[in-house]
Amino acid sequence: MQIGLIGLGRMGGNMRDRLRAAGHDVIGYDPRPEVTDVDSLTALAAALTAPRVVWVMVPSGEATRSTIRALADVLEDGDLVIDGGNSRYTDDRPNAALLGEHGIGFLDVGVSGGVWGKENGYGLMVGGSRENVERTMPIFDALRPEGPREEGFAHAGPVGAGHFAKMVHNGVEYGLMQAYAEGFELLSAAELVTNVPAVLQAWSRGTVVRSWLLDLLVLALQDDPTLAKLDDYVEDSGEGRWTIEEAITHAVPLPVIAAALFARFESRQDSSPAMRAVAALRQQFGGHAVKHAVGPSGTPGDIAGPSSGTGSTQG
Ligand SMILES: O=C(CO)[C@H](O)[C@H](O)COP(=O)(O)O
């Protein structure tokens, strides 16, 4: 079938290739002239045959919202817009309502698979009406992995359910990554294990903890066995925070995902005010030694003994 695809970056560009390889007629739009098929959203609408289907694959937030506002102006009654980016699910109903005023349908799709999806297929979680899902099923079938549909595709519920499912998926992703990372650190800290990459690779087949994320860690360690080439700074793009906010709304305990999110925040600190406060308090109540950022002798990292006047070791 024919589809317009807006956003031809790491995800959208690969999706265009996969859809074309499956025989679909894809017309892509991207502001970068070197990758785009048409030079504007108006040209995209003109190149598509009505009733049109347009897949939006741009960064979440204002970039997606403004693209949908622009599509409301260039598309017409009977067309359909699919938001396949990582939008927060709370954006979906307003976007659907705006398009609905013009008779344009809306689906939200959580897409997982990263840069490997072009070859392996993408896991898809869709929110919207049954009618709109059935209309675009040939596109979903081309994007999802080969095999039974239910193993790579779900119609999760009404508008918003696709992105809600993807948000939770990404929260789980945070927790899994953090668990593997902590295992990697402990294996590395204990000098007893002399070949950490080999142990993780051995875990990758047959064990209880085998997974694709573990396979990717094994791959990263092939290039850099101690990950020494990387800085220990980890960004986040919102999905983990939204997951925790939802957990608070529903009073659902998510200690693992919350800890994984906070570990990322911690990774961005050169120095922790909280831990300086803990050190200061131990020194205050117990006279415990502290390590000075700049020691009394002017040397960074000096360990200073009990503060004068206390001498106590009791809390
Ligand atoms: O959706 C994804 C994977 O499933 C994206 O890679 C996303 O960017 C991951 O989230 P974060 O950037 O917060 O780690």
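Two strands are taken as paired when DSSP finds at least two bridges between them. In this predicted model, strand 1 (residues 2-6) and strand 3 (residues 53-56) are joined by 3 bridges and run parallel. They belong to an open sheet of 7 strands, whose order is 2-1-3-4-5-6-7 and whose pairing is mixed. The points below take up the sheet, the helices, one residue of helix 4, and the surroundings of the ligand.

**The sheet**

- The edges of the sheet are held by strand 2 (25-29) and strand 7 (153-157), and because each of them has a single partner strand, one side of each is left without a neighbour in the sheet.
- Averaged over the sheet, and with direction ignored, neighbouring strands are turned by 25° against each other.
- Where strand 1 meets strand 3, the residue L5 stands opposite W55, which is in strand 3.

**Helices across the sheet**

- Helix 4 lies across strand 4 (80-83) and strand 5 (105-112), and its direction makes an angle of about 145° with strand 5.
- Helix 8 (residues 161-189) lies across strand 4, strand 5, strand 6 (123-127) and strand 7, and it runs at about 15° to strand 5.

**N95 in helix 4**

- N95 is found in helix 4, which covers residues 92-100, and with a relative accessibility of 6% this residue counts as buried, since the cut-off for that term is under 20%.
- Leaving aside residues up to four places away in sequence, N95 touches R65, I68 and F106.

**Helix 13 and the residue after it**

- Helix 13 (residues 273-286) has 14 residues, which at 1.5 Å a residue should span 20 Å, and this agrees with the 20 Å that separates its end C-alpha atoms.
- Just after helix 13 comes G287, which takes a positive phi of about 65°.

**Around the ligand**

- The ligand is surrounded by N86, K166, H169, N170, E173, Y174, D236, S237 and R264.
- For N170, an N or O atom of the side chain is 3.0 Å from an oxygen atom of the ligand, while for E173 the corresponding distance, again from a side-chain N or O atom to an oxygen atom of the ligand, is 2.7 Å.
- R264 also places a polar side-chain atom 2.8 Å from an oxygen atom of the ligand.

How values were computed:
Residues are numbered from 1 along each chain as its sequence is written. This is a predicted model: local features need pLDDT of at least 70, side-chain atom pairs count only at pLDDT 80 or more; totals for chains, interfaces and linings use all residues. Side-chain values use heavy atoms; hydrogens and water are left out. Helices (H or I, at least four residues) and strands (E, at least two) are DSSP runs, numbered from the N terminus. Buried means under 20% relative accessible area, exposed over 50%, partly exposed in between (1.4 Å probe, protein chains only). Contact means heavy atoms within 4.5 Å. The expected span of a helix is 1.5 Å times one less than its number of residues. Axes are lines fitted to C-alpha atoms, for helices over the stretch in contact, and angles run from 0 to 180 degrees between N-to-C directions. A residue is near a molecule or strand if one of its heavy atoms lies within 4 Å of it. A polar contact is a pair of N or O atoms within 3.5 Å; within protein, one must be able to donate a hydrogen and the other to accept it, and residues adjacent in sequence count only if both atoms are side-chain atoms.
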